[in-house]
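Welcome to a short tour of one protein structure. Take a moment to turn the model around before reading on.

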Amino acid sequence: MTRAARPRALYEGVATLAVQAANFAAVRPGPPWLQKLRRNGLAAFERLGFPSTYDEEWRFTNLAPLARASFSLPADDVTLAERTAALEMEARLGTIGFSASEPRLAFVNGRPLRRNVGILPPGVFFKWMGAVLRKSPELAEKALVASAASENSQRGVFAALGDAFLDEGVALRVAAGVRLEEPLFILHVSTPPGSSEAPRMVHTRNLFTFEENSSATVVEAYLGAGGPSFMNTRTDVSLARGARLNHVKLQLEGSEAFHVGQLAVAHAAGSHAVSHVFSFGGKLVRNEIAMTLSGEGASTELNGLFCANSGQHVDCHTLIDHVAPRAGSVEMYKGVLDGTGRGVFDGKIVVRPGAIRTDARQTNRNLILSDSALVDSKPQLEIHNNDVRCSHGSTTGRLDADAVFYLRSRGLSPEAARALLTYAFGSELIEKVASADVRAFLEGHLRAWLPANLAAPENR
């Protein structure tokens, strides 16, 4: 489908954002390479434009509501009202909030809130991207330029937009042999705009570099209250030989939020990455994950749980690219949909000709709680050699009537029985999270999310 044939709203949305990006680049300082990266990002965004539902990768997700919305960049400094609202929302995070002891970076509407990241062991660099770009831009130049050069498809539209507005994010480097026991936290809070302000948009870029045999757990949390907002975030990860990453993403924004998040991980030989994605909030949410297993013996595990109620649309796109021999991948995504909620799972595993002895498994399971909820599932295998062991499968259905009957026969009400089974369906993925604090937070959040007609399960 040509760009000219796309719906008018998509075309006009691109034009509006392009003007804002050009104005941003004109006043934002930076070294020549950064200014060029922003210009190239803008040019790529204008060339590609917002994809439509005629584009295969976006067939189930209509971006017209995002394109029609009007957003503005936040001011350079966090206001007292924003700080107050952010601290009030912190109570929802409990033990993983801003003031906990583990190292963390906190942002309010894309600007740093907390300057003290906590105590870090030697060999760990954990800084705001804005500070790096202003004081030591050479530390990020190579990775940012290489990342921008790789974005040559429509899956890179939002990454190109992020380049056009590049100014903030997180830079993380873990030295060879360093193994972090406690998680690193990156917390983003979106606060409602004032009565005379336009909804805010935030574009953020994270760069994680893990040297040989290093390991860490990184938790990215996105929290928001009422009112529209637009979060466009990308995390690029490079894993050297034997490195290990445990990545957890919590997407908990308000019911009017637009969220597009991307995670791209490059695996060297023997490296391992685990991704956990938990998506509960937002009007239109798109989570994209791309795992490239370029080194022999690399492995990855993808786990995801998305919950959508009326007025919510959650789209999960995953790509696992097996390039090297003897690599393994395991993927499990689950969706819970109620009311008129809409969900999408589009997962693809590619096995290249040279990737012999590949072991890849993919599973998608979806639970429908109402007659009006809908989920589109599209698991895919693309295999280019015969020496592999691969499988995939997808199921969508309602609660097991026999299981409900069994629980009722043990004294539970119909509502409590359905709630307990729904909770058990989702908690299987929560149990895979290693951090006890994050796991406890997610368990409580899942109970709170359970629809009003399903009583939260009791502790038994």
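What follows is a walk through a pocket, some strands and a helix, and a few individual residues. Please keep in mind that this is a predicted model.

**A pocket to explore**

Let us start with the second largest pocket, which holds about 550 Å³ of space. Its lining is made up of 26 residues, and those closest to the centre are D76, R111, P112, D167 and E168. Three elements give two or more residues to this lining: β2 (111–114), α5 (129–135) and β6 (201–210). Which of the elements gives the largest share of the lining? That is α5, with four residues. Sorted by class, the lining has twelve nonpolar, ten charged and four polar residues.

**Covered elements and paired strands**

Next comes helix α7, which spans residues 157–164 and is mostly covered, with eight of its eight residues buried. The buried residues include V157, F158 and L161, as well as D163.

Strand β10, at residues 257–267, is also mostly covered: ten of its eleven residues are buried. This strand has partners in β8 (residues 229–239), which pairs with β10 in the parallel sense over eleven bridges, and in β12 (residues 284–293), where the pairing with β10 is again parallel and runs over ten bridges. To follow the pairing by eye, begin at T233, whose bridge partner in β10 is G261. From G261 you can step on to β12, where the bridge partner is N287.

**Two residues with positive phi**

Most residues other than glycine have a negative phi. With that in mind, have a look at two loop residues. N213 is not a glycine, yet its phi is positive, at about 60°. R326 is likewise not a glycine and has a positive phi of about 55°. N213 sits in the loop between β6 and β7 (215–224), while R326 belongs to the loop between β14 (313–322) and β15 (328–337). Are these residues buried, partly exposed or exposed? N213 counts as partly exposed because its relative accessibility is 37%, and R326 is partly exposed as well, with a relative accessible area of 42%.

**Two buried residues**

Now turn to S214, found in the loop between β6 and β7, and to H322, which lies in strand β14. S214 counts as buried because its relative accessibility is 0%. H322 is buried too, with a relative accessible area of 0%.

The surroundings of S214 are easy to trace. Leaving out residues up to four places away in sequence, S214 touches V174, A175, G177, V178, G242, A243 and R244. For a sense of distance, the C-alpha atoms of S214 and W128 are separated by 21 Å, and these two residues are 86 residues apart along the chain.

H322 has its own set of contacts. Beyond its neighbours within four places in sequence, these include L293, S329, I349, R352, T358 and D359.

Both residues also use their side chains to reach other polar atoms, as the table shows.

| Residue | Reached group | Distance |
|---|---|---|
| S214 side chain | Backbone oxygen of E211 | 2.6 Å |
| H322 side chain | Side chain of S329 | 2.9 Å |

To round off the tour, try finding S329 in the model: its side chain makes the polar contact with H322, and S329 is among the residues in contact with H322.

Technical notes:
Residues numbered from 1 in each chain as written. Predicted model: local features only at pLDDT ≥ 70, side-chain atom pairs only at ≥ 80, totals over all residues. Heavy atoms only, no water. 1 Å grid on protein atoms, 1.4 Å probe; cavity = no way out; pocket = protein on both sides within 12 Å on 5 of 7 lines; lining within 4 Å. Points joined across faces, edges and corners; volume = space filled by probe spheres on them. Nonpolar A, V, L, I, M, F, W, Y, C, P; charged D, E, K, R; others polar. Buried < 20%, exposed > 50% of the residue type's maximum accessible area, 1.4 Å probe, protein only. Pairing = 2+ DSSP bridges. Polar contact = N/O pair within 3.5 Å; in protein donor to acceptor, adjacent residues only side chain to side chain. Contact = heavy atoms within 4.5 Å.
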